[in-house]
Amino acid sequence: SGDESFRNPLNPDELHPFLIKEWKERKNSEILFYRNLNDFLSEHVKNIEIRIEKEKENLINELLNSESFSTTHSIIRKLSTFTDFSNEQVKILVKALINNTQVRWIATDDDVHNFYKKIIENKETIFDKKELDIIHNILEGKYNLYEDIEVPF
């Protein structure tokens, strides 16, 4: 908090002793005190970013191995909450689109279609023309053309 009434008058980097005592008595736990949001983020944001990336990686791997349409929809719903994917993550997601029939066969469903359109937007330069043609054909419902294709990336 930036509110000085929460701070220890003898040490402004600490919480007021009365508030610490009250918190311990009522919550039976410790409280962490940060003077501002930047102090909190400096200490915790790296752990948060690592956790988010790990969650994304797990979901991407689940999509690669999805064995049902309902599972695919569920994973796509979770992946759609993320706003940024690395080039490598996009390539793996496209690999799932092309190689996993449980993803490819429902590529025209609104959620799957919109998700893939969004993630390849501004990332088209990471694919060659042939790969882009495959992606666009699948998203247009022409998935039977690629039954035996394996994506090299």
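Helices here are DSSP runs of H or I with at least four residues, numbered from the N terminus. With that in hand, open the predicted model and let helix α6 be your guide.

**Stop 1: helix α6**

Select residues 110-120, which make up α6. Now show the side chains of Val112, Phe115, Tyr116, Ile119 and Ile120: these residues of α6 are buried. They span an arc of only 115° around the axis, so they sit on the same side of α6.

What covers them? Add α2 (37-64), α3 (69-79), α4 (87-99), α5 (101-104) and α7 (129-139) to your selection; these helices are among the elements covering the buried residues of α6.

**Stop 2: α3 against α6**

Keep α3 and α6 on screen and hide the rest for a moment. Their axes are 10 Å apart and the two helices pack at an angle of about 40°. α3 and α6 are therefore oblique to each other, and their crossing is left-handed.

Which residues of α3 meet α6? Pick His73, Ile76 and Leu79 in α3, then Asp111, Val112, Phe115 and Tyr116 in α6, and you have the two sides of the contact. Colour them by class and you should find five nonpolar residues, one polar and one charged.

**Stop 3: α4 against α6**

Next, swap α3 for α4. α4 and α6 pack at an angle of about 145°, and their axes are 11 Å apart. This crossing, of α4 with α6, is left-handed. On the α4 side, select Val90, Leu93, Val94, Ala96 and Leu97; on the α6 side, select Phe115, Tyr116, Ile119 and Ile120. Keep the class colouring on: the contact of α4 with α6 has nine nonpolar residues, with no polar and no charged ones.

Two names may look familiar by now. Phe115 and Tyr116 of α6 meet α3, and Phe115 and Tyr116 also take part in the contact with α4.

**Stop 4: just past the end of α6**

Follow the chain out of α6 and click on Asn122. Just after the helix, Asn122 takes a positive phi of about 70°.

**Stop 5: the loop between α3 and α4**

For the last stop, go to Thr83, in the loop that lies between α3 and α4. Is Thr83 buried or exposed? Its relative accessible area is 72%, so Thr83 is exposed. To link this stop with the previous one, draw a distance from the C-alpha of Thr83 to the C-alpha of Asn122: the two are 13 Å apart in space and 39 residues apart in sequence.

Methods: Residues are numbered from 1 along each chain as its sequence is written. This is a predicted model: local features need pLDDT of at least 70, side-chain atom pairs count only at pLDDT 80 or more; totals for chains, interfaces and linings use all residues. Side-chain values use heavy atoms; hydrogens and water are left out. Buried means under 20% relative accessible area, exposed over 50%, partly exposed in between (1.4 Å probe, protein chains only). The arc is that of the directions from the helix axis to the C-beta atoms. Contact means heavy atoms within 4.5 Å. Axes are lines fitted to C-alpha atoms, for helices over the stretch in contact, and angles run from 0 to 180 degrees between N-to-C directions. Angles under 35 degrees count as roughly parallel, over 145 as roughly antiparallel, 65 to 115 as roughly perpendicular and the rest as oblique. A crossing is left-handed if the near helix is turned anticlockwise from the far one by less than a right angle, and right-handed if clockwise. Ala, Val, Leu, Ile, Met, Phe, Trp, Tyr, Cys and Pro count as nonpolar, Asp, Glu, Lys and Arg as charged, and the others, Gly among them, as polar.
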